[in-house]
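Q: I would like a close look at one part of this model, set against the chain as a whole. Please keep to what can be read from the structure.

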Amino acid sequence: MYFAALLARTEDGWQASEPDLDDVETLADLSDLARAAGEEDETVLVFIEQEDAWFGVIRLDGEDDPRIYVSDAAAAARSSYGEILLTDEVLGRDPEDLDDLVDLDGTEDGEDNDDEDAVAGPSEDHVPVGPLGETGLLADLGMSTKELLALSGDGALTGEALGEIADALGCADVLEAVR
């Protein structure tokens, strides 16, 4: 089970809403949904949590590219919404490098394809365990990198991580209203 919230920073303070993620299939879809929740140049945060296994924070500032933080990349990789957040950029992969390694038939250069049913693509082994992404994405809003990482490491995720983040940002009351 997932929990998701959109938090838009307005002139009057933070406003929260619970998004409908049914039609979200890509990071672009999620970004469009978040941008629609705020005004043109406002900061919008998307909080996503899956049953205390992992949480993600996506930050959008106007038309800038989304900035992403995931508390446990390996756990998120096993989740449909988590996979959306684990872009090549977040994982530190260069898509062009992957194209060089794998031919269209899923084999490496010069290798025979003995298995006709093989499917090319990265395996879960390529996703690191633990926090991943931009750890400083909330620093200017009131939560330091150290505080964010403390919510993510060694089983520290208590189910209250998003509440603690919202508290540090001064929007715990509006987040609680959509929970």
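How much space lies in the second largest pocket, and which residues line the second largest pocket?

A: The model is predicted. The second largest pocket holds about 200 Å³ of space. Its lining is made up of Leu27, Asp65, Pro66, Arg67, Ile68, Thr87, Glu89, Val90, Gly133 and Glu134. Two elements, β5 (67-70) and α4 (88-91), each give two or more residues to that lining. By residue class, the lining has 4 nonpolar, 2 polar and 4 charged members. Pro is counted as nonpolar and Gly as polar in this division.

Strand β5 leads on to the aromatic pairs, of which there are 2 in the model. One of them involves Tyr69 of strand β5, whose partner Phe55 lies in strand β4 (residues 54-61), so this pair ties together parts that are 14 residues apart in sequence. The ring centres of Phe55 and Tyr69 are 6.1 Å apart and the planes meet at 45 degrees, so the pair is tilted. That label applies because planes under 30 degrees apart count as stacked and those over 60 as edge-to-face, with the rest tilted. Phe55 and Tyr69 are both buried.

The other pair is formed by Tyr2 and Tyr81, with ring centres 4.6 Å apart and planes at 85 degrees, so it is edge-to-face. Tyr2 belongs to strand β1 (residues 2-10) and Tyr81 to helix α3 (residues 80-85), so here the parts tied together are 79 residues apart in sequence. Tyr2 has 30% relative accessibility and counts as partly exposed, while Tyr81, at 16%, counts as buried. The two fall into separate classes because buried means under 20% relative accessible area.

As for the setting, the protein chain has 8 helices and 6 strands. Along the sequence these elements follow the pattern β-β-α-β-β-β-α-α-α-α-β-α-α-α. The chain has 179 residues, and 41% of them count as buried. If contacts are restricted to residues at least 6 apart in sequence, 58% of those contacts join residues at least 24 apart. The exposed area of the chain is about 10,100 Å², with 43% of it supplied by carbon and sulfur atoms.

To return to the part asked about, β5 is among the elements giving two or more residues to the pocket lining, and strand β5 also carries Tyr69, the partner of Phe55.

Definitions and conventions:
Residues numbered from 1 in each chain as written. Predicted model: local features only at pLDDT ≥ 70, side-chain atom pairs only at ≥ 80, totals over all residues. Heavy atoms only, no water. 1 Å grid on protein atoms, 1.4 Å probe; cavity = no way out; pocket = protein on both sides within 12 Å on 5 of 7 lines; lining within 4 Å. Points joined across faces, edges and corners; volume = space filled by probe spheres on them. Helix = DSSP H or I, 4+ residues; strand = E, 2+ residues; numbered from the N terminus. Buried < 20%, exposed > 50% of the residue type's maximum accessible area, 1.4 Å probe, protein only. Contact = heavy atoms within 4.5 Å. Areas by Shrake-Rupley, 256 points an atom, 1.4 Å probe, with all protein chains shown as cover. Phe/Tyr/Trp six-rings, centres within 6.5 Å; stacked < 30°, edge-to-face > 60°.
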